[in-house]
Amino acid sequence: MNSELSSQQVKDIGEQGLLERLQRFCPPEIIGDDAAVLETVPGQSLVVTTDVLVDGVHFSNLTTSPEDAGWRAAAANLSDLAAMGASPLGITVGLGLPGELRVSWVERLYQGMTECLQKYNTLIVGGDVVRSPVTTLAITAFGQVNPSQIIRRSAAVVGDAIVVTGVHGASHAGLELLLHPELGQNLKDAERTALIRAHQRPQPRLDVLPILQKILASPCPMPNASCSIPIAGMDSSDGLADAIIQICRASGVGAVLEHRQIPVPKTFNHWLPPEQALKYGLYGGEDFELVLCLPQELASALVQHLGEGAAIAGSITAGSTIILHDEQKKFPDQVLNLSQGFQHFGQ
């Protein structure tokens, strides 16, 4: 990139100049009007989700390049669509920017978003830019889903297994390693890199949806039952414990989780004390896995298809209490609650 151009600041080219730069990331046949028109096929529901990310809260120059910030922002929204069972169609991007911010930073942010979206054939179809004292990124994502395949938090029933589609705690561990490079001295370079990448380049689990639908469409493994059943779930962007608690609250049920079934990275075994590894796994957040509640037989089939990292972490129970139980009795039972995880306006 030309050094003169790379040193340009947003205030140097203004809103229209910046929009002109960013329009090359969007398909020309869609942008240009006051809103994007997205056609969906008959029998599909349009799904819309919005996430706001703020500099110093969700990303930082200390731990995240502009490209990684863009990737994480796109991944967070695609993960929300996956949590609803929806396939992505496109996103719009709202930017609040200080005038002194370099244009090259914004372009690199968009490059990271584009790199993530391209994996899932998803387009940036518009947005808005305003002046702000703090760099803020607001993304609205659009997706579609067959109404009969929508995943909702409120669909869990007593007896359901709780499936976790992958390991938890890796993103938080990566963040800690970035903030405190002196940690994890006994980690191999590849292990350290994998944890850091889990934080900087999380993968939304849209790949789970066709596997789930294949299992539901195949001959039902449950005797004398139909597999056209509601699936409860959400993503674990705010932590595994948070996801399970939110599902239970919405469904009016409780849960029992088994300590040894909480999937955490194998590298934790020779790096973190068991109590800290469990805390990372339950409350670390930003792993962008899916937490799904479905009958035991279907849950077993899904975990088998997903392979390493996926696990049945527990089951749905009557009542409203969510218990973490250790079958080996090394740890006392714990009651999980939201206060132990990240809260935007917590004291």
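Residues are termed buried when their relative accessible area is under 20%. In this predicted model, 10 salt bridges are found, and several of them join segments that lie far apart in the chain. R201 and D68 are both buried by this criterion, and they form a salt bridge whose closest N and O atoms are 2.7 Å apart. Because R201 belongs to the loop between α6 and α7 (208–217) and D68 to helix α3, this pair ties together parts separated by 133 residues in sequence.

Helix α3 also contributes E67, which forms a salt bridge with R108 at a closest N–O separation of 2.8 Å. The partners are 41 residues apart, with R108 located in helix α4 (residues 103–118). E67 is buried, at a relative accessible area of 18%, whereas R108 is partly exposed, at 36%. A further salt bridge connects R260 with E327, the closest N and O atoms being 2.9 Å apart. R260 is partly exposed, with a relative accessibility of 47%. In addition, R21, R24 and E107 are linked in a network of salt bridges.

By contrast, D160 is buried without a salt bridge, the nearest side chain of opposite charge, R152, being 14 Å away. D160 is placed in the loop between β4 (136–145) and β5 (161–164), and its contacts beyond four places in sequence include A155, C293, P295 and S315.

Helices α5 (residues 170–179) and α6 (residues 189–200) pack at about 105°, with axes 7 Å apart; they are therefore roughly perpendicular to each other. The contact residues comprise eight nonpolar, four polar and one charged. The buried residues of α5, among them E176 and L177, are covered by elements including α3 (66–83), α6 and α9 (274–283).

How values were computed: Residues numbered from 1 in each chain as written. Predicted model: local features only at pLDDT ≥ 70, side-chain atom pairs only at ≥ 80, totals over all residues. Heavy atoms only, no water. Helix = DSSP H or I, 4+ residues; strand = E, 2+ residues; numbered from the N terminus. Buried < 20%, exposed > 50% of the residue type's maximum accessible area, 1.4 Å probe, protein only. Lys, Arg positive; Asp, Glu negative; His and termini not counted. Salt bridge = Lys/Arg side-chain N within 4 Å of Asp/Glu carboxyl O. Contact = heavy atoms within 4.5 Å. Axes fitted to C-alpha atoms, helices over the stretch in contact; angles between N-to-C directions. Parallel < 35°, antiparallel > 145°, perpendicular 65-115°, else oblique. Nonpolar A, V, L, I, M, F, W, Y, C, P; charged D, E, K, R; others polar.
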